[in-house]
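Here are my notes on the model, set out as numbered points for a colleague who would like to check each one against the coordinates. They move from the overall fold to individual side chains.

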Amino acid sequence: MSEIETVQRLEELYRQLMGSDIATAQEVKAKAEIISLIPQLKAVIQADNSAETQELGQELEKLYELVSKWNPLTAWFRDEEPLVQLYFDILSKVRLFLIRRKGPTEESSTLVSESLSSIRQTMTQLATVLEEIRVTVKTLLEIVSPTPEVHARIAGLSSRALELERRITDFEAVNGAKTEADMEKIQRWKKDLNKLTKQIDTLRKLAKKG
């Protein structure tokens, strides 16, 4: 796999992990692939042997450490804010490095185009998540006539609640001592599950009015 293909694959994995419908098994598989790709990318970057690339190499080491510590059984990737931010920052810096190194060529023009496309896709993805939140809040705050959309919303929230409940069960089933941070995380999940349950109950009451 070339350096460009490595970056492209890391970007694909990032978008996949930021999705709202990814399963735990997919996250576990993605983690393993990221761990295998980071050292390859680091070797290419540091071969340039400049101050910029040495610093980028250190950031890749930090990313490797954060990814290695992340446990898909106890946390969604998108909830690990330091990991998500560093991952995105590194992808942007690596793209810029490759563009500068190749100079004004047809391949560098392709890299620029792909980079802009990647940023647009990521922003669109984040906008979709925000829109889902906005619509849910609007539905809960307004008294509306039940529609097929309301029933679809109930189904979607129920699916999220089931996934969250499964994660809580998996987490509590893990053997070994749990840290204070682990306990705080499980309590946060339980609060989120309670909120989802209340939202679902509210929507079901609205649906019964029709």
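1. Accessible areas here come from the Shrake-Rupley method with a 1.4 Å probe. On that basis the accessible surface of the protein, which is a predicted model, comes to about 12,300 Å², and 56% of this area belongs to carbon and sulfur atoms. Of the 210 residues in the protein, 35% are buried.

2. As to the fold, the secondary structure consists of 7 helices and 0 strands, so that the pattern read along the sequence is α-α-α-α-α-α-α, with helices numbered from the N terminus because that is how the DSSP runs are counted. Among contacts with a separation of 6 or more, 72% are made by residues that lie 24 or more positions apart. One pair that may be inspected in this connection is His-151 and Leu-203, which are 52 residues apart in sequence while their C-alpha atoms are 8.0 Å apart in space. His-151 has its place in helix 6 and, at 44% relative accessibility, counts as partly exposed.

3. Helix 2 (residues 24-46) offers a check on geometry: at 1.5 Å a residue, its 23 residues should span 33 Å, and the end C-alpha atoms are 33 Å apart, which agrees. The expected value is 33 Å because the span is taken as 1.5 Å times one less than the number of residues. The buried residues of helix 2 include the nonpolar-patch-forming type of side chain as well as charged ones, among them Ile-34, Leu-37, Ile-38 and Leu-41, together with Glu-27, Lys-31 and Lys-42.

4. How many salt bridges does a search of the whole structure find? The search finds 9 salt bridges. In general, side chains of opposite charge can pair when their charged atoms come close.

5. One of these salt bridges joins the side chains of Glu-12 and Arg-9, at 2.9 Å from N to O. Both residues belong to helix 1 (residues 3-17), and because they are 3 residues apart there, they are separated by about one helical turn. Glu-12 is partly exposed, with a relative accessible area of 39%, and Arg-9, at 24%, also counts as partly exposed.

6. In helix 6 (residues 148-173), Glu-163 and Arg-166 lie 3 residues apart, about one turn of the helix, and their side chains meet in a salt bridge of 2.4 Å, N to O. Glu-163 also forms a salt bridge with Arg-167, where the closest N and O atoms are 3.3 Å apart; these two residues lie 4 residues apart in helix 6, again about one turn. Salt bridges that share partners join Glu-27, Glu-163, Arg-166 and Arg-167 into one network.

7. Within that network, are Arg-166 and Arg-167 buried or partly exposed? Arg-166 counts as partly exposed at 29% relative accessibility, whereas Arg-167 is buried, with a relative accessible area of 0%. The assignment of Arg-167 follows because buried means under 20% relative accessible area. Glu-27 is listed among the buried residues of helix 2.

8. On the surface, Val-28, Leu-73 and Val-174 make a nonpolar patch of about 200 Å². Leu-73 has its place in the loop between helix 3 (51-69) and helix 4 (81-102), and with a relative accessible area of 35% it is partly exposed. Leu-73 can belong to a patch because patches are made of residues with over 30% relative accessible area and no salt bridge.

Technical notes:
Residues are numbered from 1 along each chain as its sequence is written. This is a predicted model: local features need pLDDT of at least 70, side-chain atom pairs count only at pLDDT 80 or more; totals for chains, interfaces and linings use all residues. Side-chain values use heavy atoms; hydrogens and water are left out. A salt bridge is a side-chain nitrogen of Lys or Arg within 4 Å of a carboxyl oxygen of Asp or Glu. Buried means under 20% relative accessible area, exposed over 50%, partly exposed in between (1.4 Å probe, protein chains only). Patches are made of residues with over 30% relative accessible area and no salt bridge: like charges are joined within 9 Å, nonpolar side chains (Val, Leu, Ile, Met, Phe, Trp, Tyr) within 5 Å. Contact means heavy atoms within 4.5 Å.
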